[in-house]
Amino acid sequence: MTTPETAAPEGADNARMLTHLQRLEAESIHIMREVVANAENPVMLYSVGKDSACMLHLAKKAFYPSPPPFPLLHVDTTWKFQEMYKLREKAAKDAGMDLIVHQNPEAVEKQINPFDHGALHTDMWKTEGLKQALTKYKFDVAFGGARRDEEKSRAKERIFSFRSANHRWDPKNQRPELWKLYNTRKSKTESIRAFPLSNWTELDIWQYIHLEGIEIVPLYFSAPRPVVERDGMLIMVDDARMPMQDGEVPMMKSVRFRTLGCYPLTGAVESTAATLPDVIQEMLLTTTSERQGRAIDHDQAASMEKKKQEGYF
Amino acid sequence: MSDMTQTDAAQTDQAYVTDALIAEDIEAYLLKHQHKTMLRFITCGSVDDGKSTLIGRLLYDSKMIFEDQLAHLEHDSKAHGTQGQGIDFALLVDGLAAEREQGITIDVAYRFFATDKRKFIVADTPGHEQYTRNMVTGASTADLAVILIDARQGVLTQTRRHSYLVNLLGIKNVVLAVNKMDLVDYSQERFYEIVKEYSHFAKQIGMESFLPMPISGLAGDNIVTRSDNMPWYQGPTLMGHLEDAPVNVAQMQEEPFRMAVQWVNRPNLDFRGFSGQIASGVVRPGDDIRVLPSGKTTRVKSIVTYDGELPEAVAGQSVTLTFADEVDCSRGDIIARSDAPCEVADQFEVTLVWMDEAEMLPGRPYLLKVGTQTMTATVTEPKYEVNVNTLEQMPSKTLGLNAIGVVNISTDRAIPFESYCDNPDLGGFILIDRMTNATVAAGMMHFALRRSQNIHWQALDVDRDAHAASKNQKARVVWFTGLSGSGKSTIANIVEKKLHALGKHTFLLDGDNVRHGLNRDLGFTDADRVENIRRVGEVAKLMTDAGLIVLTAFISPFRAERQMVREMLADGEFFEVYVNTPLEVAEGRDVKGLYKKARAGNLKNFTGIDSPYETPQQAELTVNTVELSAEEAAEQIVQALLNS
């Protein structure tokens, strides 16, 4: 990955052309080092998804031979897939990093779940949970794995994105970001979300995972799994907590997931792609965008923008 | 889907067939795509020039739009679109909800697409003059610029502005995209007319070259496939050119090696590495290097990465270097090739693009970040401001939002740098307001005003400590700040008498008195107030070198300048006294009748009335003149001073 191609493509000069992945990698590493050099108490938000896996891998590279000098934070909802919990522990251990798991105590107490509470589930576990954790541990900079290609309102977000004392994002009042000079100064009450994967696309992420052999949750690969069909989505019955509706019987289908979250809110796609190249092939030939599998985006127009202003990552 | 897009899709398919390899041999496809390069570019033009439509078209033609997005797009096109039943590509790229409703883009948005050869990052920025800062932001990372012109309109004021900015930011590869050719009947004559006019202008601003291209973003002419409507055009298509244009980072490999140190990597006592992203050149183990600004030399021992040690690394890569010898090196330093180091200086001529609502204040210290170094810097009054529409150089006292001007800047220490045109990574900088933390300006270094190696601080045999010791006292600056009429001068006078009686050597610098002499050329604008305090600070500093206890009585309304003086002096020498008198009390006293004048509108920029007073947050002492008499306040100050 880090050895530049010696062949000069496009018949240009003898320059050793860096590939797009090498340049993206170098940029992400640069961003991470800027954060560590400037922050008092940084943390990496780790969601166990493929973007998080990439981000964690890049962090290992950025600080090698030191382990990444910050902990991982998983804002847990208790409703993630079992396989995600398994990888979470292993990934943190392999990287030599501390893992902090935060569950919103209020949501725990009220037994908030996606079946009975709808949008409140995301609000309390994720949005509120994240704010609580950042406040509790006094993290001043949090790395997030968001990419600008994910969704329109993200296209304008800065790499260093500021949050007010109550974690709100003000899209109209963002600092200009020039060259690779990040202004990391902030008042005591503000915090920063830093997005080292801003310029990566979904395809870049997959290619990088393939090239670097990064371990990801097996749910991204198809396998026979028990699912039910609800509101046009295939939902996997990951544990016994999932209530069956009238006449519903889980069926075994060869499915995989293009994105991971809370299992009752994450739609599976029918697929036979069981290897990474198969998954990439399927992605390239497919005609629906990644976020279509996430229930939360359908709530309302420009919903992500609103959620982000409120503090959702 | 409308008829138009179906035809286009068919056309597109011929040129950009979804790579058959994807279906046939995905491994081979992946291998091929691992060797893509990356180009960043900016599109300049306003809403009317069809910029968003062009970007939407590039995304669409390179298959970066998914079916569900397309369904949304068709739905949105009918709801808010401007193309009747046709697809409004612009809706694809207009991001935030508020903008979508207003029909304009108001910020910098980044879009992504890829072809078989390259990945592209497009900075999409608005064109209006009030968004100059956004365009400059987008241009700062671009390898190439596409300047859009509406074929019906020709070269407009905004075309000139965009071109000036693109050239200012050092973008060498410029495409002049004459858009909407379909609306001028694909007229060759019209195209050349525009090109001729633009050539003339390009020469004026020193743009070395540009590539003119007749296109239609809406109809797809010369975007991906050569247009049948313009057989007279023999040049490349826009996509073809984007795929072949040179990339900055590759060109930077030809320059001497430089890397700004971001972070010192010390996992244990046996390893000490210096991490950074290489700004230019190539580095190999064994290379002789020099650490700047210290100038210490050593050799590169190894290039350490997670993937193993490298035999060489080039501009653009993020690496960690170890040295053969133990040489001091920390964040902000530049590691450069030993026989071709960069210059070190502390005064520069620079161009600034002002980006903040609050105007530039000459003399006020700002933070300057260049490479990985951050230090305090002050700017002079502009040598001139550039009118971005007419390109005229105008005299100016300051720079407001979106203004561009040439100023001198001086940093509080000598720093290694390169001129922006030689190395944007080491010559491009930002200014940060120390109070609001806002990024207030982008700057480009031109050259050093004097080489710092030629100036040496004159080492004096009788130094400041000796001066103070002979007076049997510690040099201090007792800085009185507060509203006009708060009692600063009165109290300072009494304090001086008391100190004098104790045998201390003192000197009182009074605001009004200084304005009769040293600062007689200054008025009361914010900029002049800043300069007033800067000069007083310098004078006070010289007096502390002489070992004196200096008392100053100035309103000094801004925190930033009081902080500046604090930082000029040695630790513990600055003693800030906040004379706290509420406005109504000070106004009630109105010893000099100034409040009355100000209220009547006969005195502009009067602190407390129409000019702000920023109360101290870290004063060494606050005296409340409502509760204390001047005599009591003075006694309190003397006691505090003697005890500190």
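Reader: Which helix of chain B holds Arg562(B)?

Author: The model discussed here is a predicted one. In this model, Arg562(B) does not stand in a loop but has its place in a helix of chain B, namely α18.

Reader: Is Arg562(B) buried or exposed?

Author: A residue counts as buried when its relative accessible area is under 20%. The relative accessibility of Arg562(B) is 2%. This value falls under the cut-off, so Arg562(B) is classed as buried.

Reader: Which residues is Arg562(B) in contact with, leaving aside its neighbours within four places in sequence?

Author: Some of the partners carry acidic side chains by name, including Glu576(B) and Glu614(B). Others are Pro557(B), Phe574(B), Thr615(B) and Pro616(B). The list is completed by Trp479(B), Thr481(B), Tyr613(B) and Ser556(B).

Reader: Which residue does the UniProt annotation "active site" cover?

Author: The annotation comes from an unreviewed UniProt entry. The residue concerned is in contact with Arg562(B). According to that record, the annotated residue is Ser556(B).

Reader: Between which two elements of chain B does the loop with Ser556(B) lie?

Author: Ser556(B) belongs to a loop of chain B. This loop is bounded by a strand at residues 549–553 and a helix at residues 559–568. The two elements are β26 and α18.

Reader: What is the relative accessible area of Ser556(B)?

Author: Ser556(B) touches Trp479(B), Phe480(B), Thr481(B), Ile533(B), Arg562(B) and Tyr613(B), not counting residues up to four places away in sequence. Ser556(B) is classed as buried. Its relative accessible area is 2%.

Reader: How many of the eleven residues of helix α7 of chain A are buried?

Author: Helix α7(A) spans residues 202–212 and is largely enclosed by the rest of the structure. Its buried residues include Leu203(A), Trp206(A), Tyr208(A) and Ile209(A), and also Glu202(A) and Asp204(A). Of the eleven residues, the number buried is nine.

Reader: Which elements of chain B do the buried residues of α7(A) pack against?

Author: Within chain A, the buried residues of α7(A) pack against α1, α2 and α8. They also meet a helix at residues 26–33 and a strand at residues 118–124 of chain B. These two elements of chain B are α3 and β3.

Reader: How are α8(A) and α3(B) oriented to each other?

Author: The axes of α8(A) and α3(B) come within 9 Å and cross at roughly 80°. Angles of 65 to 115 degrees fall in one class. The two helices are therefore roughly perpendicular.

Reader: How many residues of the contact of α8(A) with α3(B) are nonpolar?

Author: In this contact, Pro277(A), Ile280(A), Gln281(A) and Leu284(A) meet Ile26(B), Glu27(B), Tyr29(B) and Leu30(B). One residue of the contact is polar and one is charged. The number of nonpolar residues is six.

Reader: How are α9(B) and α10(B) oriented to each other?

Author: The axes of α9(B), residues 157–168, and α10(B), residues 188–204, come within 11 Å. They cross at roughly 45°, and the crossing is right-handed. An angle of this size is neither under 35 nor within 65 to 115 degrees. The two helices are therefore oblique.

Reader: Which residues of α10(B) meet α9(B)?

Author: From α9(B), the contact draws on Thr159(B), Arg160(B) and Ser163(B). The residues of the contact divide into two nonpolar, two polar and two charged. Those from α10(B) are Glu197(B), Tyr198(B) and Phe201(B).

Reader: What is the omega of the peptide bond that joins Tyr64(A) and Pro65(A)?

Author: Most peptide bonds are trans. The bond between Tyr64(A) and Pro65(A), however, is cis. Pro65(A) lies in the loop between α2 and β2 of chain A. The omega is about 5°.

Reader: In chain B, what is the omega of the peptide bond from Leu292(B) to Pro293(B)?

Author: Pro293(B) is placed in the loop between β11 and β12 of chain B. The bond leading to it from Leu292(B) is cis. Its omega is near 10°.

Reader: What is the phi of Lys180(B)?

Author: Most residues other than glycine have a negative phi. Lys180(B), in the loop between β5 and α10 of chain B, has a positive one although it is not a glycine. Its phi is about 65°.

How values were computed:
Residues are numbered from 1 along each chain as its sequence is written. Chains are lettered from A and ligands numbered from 1 in the order in which they are written. This is a predicted model: local features need pLDDT of at least 70, side-chain atom pairs count only at pLDDT 80 or more; totals for chains, interfaces and linings use all residues. Side-chain values use heavy atoms; hydrogens and water are left out. Axes are lines fitted to C-alpha atoms, for helices over the stretch in contact, and angles run from 0 to 180 degrees between N-to-C directions. Helices (H or I, at least four residues) and strands (E, at least two) are DSSP runs, numbered from the N terminus. Angles under 35 degrees count as roughly parallel, over 145 as roughly antiparallel, 65 to 115 as roughly perpendicular and the rest as oblique. A crossing is left-handed if the near helix is turned anticlockwise from the far one by less than a right angle, and right-handed if clockwise. Contact means heavy atoms within 4.5 Å. Ala, Val, Leu, Ile, Met, Phe, Trp, Tyr, Cys and Pro count as nonpolar, Asp, Glu, Lys and Arg as charged, and the others, Gly among them, as polar. UniProt positions are given in the numbering used here, feature names are shortened, and annotations may be inferred rather than shown by experiment. Buried means under 20% relative accessible area, exposed over 50%, partly exposed in between (1.4 Å probe, protein chains only).
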